[in-house]
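Trainee: Could we go through this one together? I'd like to know what stands behind the labels people put on it.

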Amino acid sequence: MENGDPLSFWQECYVKFYEAFIEADRWKQYLEGVGTTLYVTVLALALGIALGVVVAIIRTAHDQQRPGKKNFFLGLANVVCKVYITVIRGTPMMVQLMIMGFVIFSSSRDFTSVGILTLGINSGAYVAEIIRGGLMSLDPGQMEAGRSLGMGYIDTMRFVVIPQAFKAILPALGNEFIILLKDTSLISVIGGKELMYAVDGITSRTYEQMFPLLGAALIYLVLVMVLTWLLGLLERRLRQSDRR
């Protein structure tokens, strides 16, 4: 800005905005990054839920064993699950991504898939504890009622216990999903081509960080707001179904 001319300031802002979003159709790179971000989030979420449900059921089944009737294999599986949860929750996501990307899968060039696997494994540990807390909070009589009707343990968990626990843990699960969405930005450190990867590429060409980063922040904010709205809608529908 020369001689305090405000017009020069706004002209400079426009030039930087143009370079960050319009020149060479760079807005398409942001869209491609958003598409990859959503793709990574959905697959990592599916993996995290699958792992979380399995780990939660194993740990809950172990804790609910009757005194004097301990199952050795269930106890061994519970130890493995506890180690998994402790290690994943006790180490930073960045470190986990770098170990997976640069050590375990160092020969792989599919960094996005490595990021999906790492995020899914990380999310699974947190989802497992959320689900286990919901299962353990239910009245034990629910399980006994299902077993008294001739249902097996798995069927009782599937049709009686888990549906009731899901309503209680939905807010915590929603928060974990939002964290997972934002954590996708970390896979760019191993070369995952999501939104922040696009931002880094544009920044390296324009030598300007403000507008690309502000654009990315706005995109993440909109995605989180949409996800929050969808989760709120689901919660309201579940409450309405309870009243019927």
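Mentor: Sure, we'll take the labels one by one and set each against its cut-off. Keep in mind that this is a predicted model.

Trainee: Let's start with salt bridges. How many does a search of the whole structure find?

Mentor: Seven.

Trainee: What makes K16 and E12 a salt bridge?

Mentor: The closest N and O atoms of K16 and E12 are 3.2 Å apart. The cut-off is a Lys or Arg side-chain nitrogen within 4 Å of a carboxyl oxygen of Asp or Glu, so the pair qualifies.

Trainee: And why are K16 and E12 separated by about one helical turn?

Mentor: Because they are four residues apart in helix α1.

Trainee: Why are K16 and E12 called partly exposed?

Mentor: The label covers values between 20% and 50% relative accessible area. K16 has 24% relative accessibility, so it counts as partly exposed. E12 has 34%, so it gets that label too.

Trainee: What about E23 and R26, with 4.0 Å from N to O?

Mentor: Their side chains meet in a salt bridge at that distance, and the criterion reads within 4 Å. In exposure, E23 is partly exposed with a relative accessible area of 32%, whereas R26 has 10% and is buried, because buried means under 20%.

Trainee: Which residues are joined with E129 and R132 into one network?

Mentor: Begin with the pair itself: the side chains of R132 and E129 meet in a salt bridge at 3.3 Å, N to O. They are three residues apart in helix α5, which means a separation of about one helical turn. Both R132 and E129 are buried. Salt bridges that share partners then join R59, D63, E129 and R132 into one network.

Trainee: On to the backbone. What makes the phi of D25 worth a remark?

Mentor: Most residues other than glycine have a negative phi. D25 is not a glycine, yet its phi is positive, about 55 degrees. You'll find D25 in the loop between α1 (6–22) and α2, and at 38% relative accessibility it counts as partly exposed.

Trainee: Where is Y207 found, and is it buried or exposed?

Mentor: Y207 is in the loop between α8 (195–206) and α9 (210–243). Its relative accessibility is 75%, and exposed means over 50%, so Y207 is exposed. Phi of Y207 is also positive, near 60 degrees.

Trainee: Now the second largest pocket. What volume does it have?

Mentor: About 210 Å³. Of the 14 residues that line it, V53, I131, F166, I169 and L173 are the closest to its centre.

Trainee: Which helices each supply at least two residues of that lining?

Mentor: α2 (27–63), α5 (111–137) and α7 (153–183). The largest share, seven residues, comes from α7.

Trainee: How do the residues of that lining divide into nonpolar, polar and charged?

Mentor: There are 14 nonpolar, no polar and no charged residues in the lining.

Trainee: Last one: which residues make the nonpolar surface patch of about 750 Å²?

Mentor: M94, V95, M98, I99, F102, V103, I104, F105 and V189 make it. Take V103, which has its place in helix α4 (residues 93–104). A patch residue needs over 30% relative accessible area. V103 has 57%, so it clears that bar and also counts as exposed.

Terms used: Residues are numbered from 1 along each chain as its sequence is written. This is a predicted model: local features need pLDDT of at least 70, side-chain atom pairs count only at pLDDT 80 or more; totals for chains, interfaces and linings use all residues. Side-chain values use heavy atoms; hydrogens and water are left out. On a 1 Å grid over the protein atoms alone, a cavity is a set of points where a 1.4 Å probe fits but cannot get out, and a pocket is an open set with protein on both sides within 12 Å along at least five of seven lines; lining residues have an atom within 4 Å of a point. Grid points are joined across faces, edges and corners, and a volume is the space filled by probe spheres set on the points. Ala, Val, Leu, Ile, Met, Phe, Trp, Tyr, Cys and Pro count as nonpolar, Asp, Glu, Lys and Arg as charged, and the others, Gly among them, as polar. Patches are made of residues with over 30% relative accessible area and no salt bridge: like charges are joined within 9 Å, nonpolar side chains (Val, Leu, Ile, Met, Phe, Trp, Tyr) within 5 Å. Accessible areas come from the Shrake-Rupley method with a 1.4 Å probe; for residues, only the protein chains shown count as cover. Buried means under 20% relative accessible area, exposed over 50%, partly exposed in between (1.4 Å probe, protein chains only).
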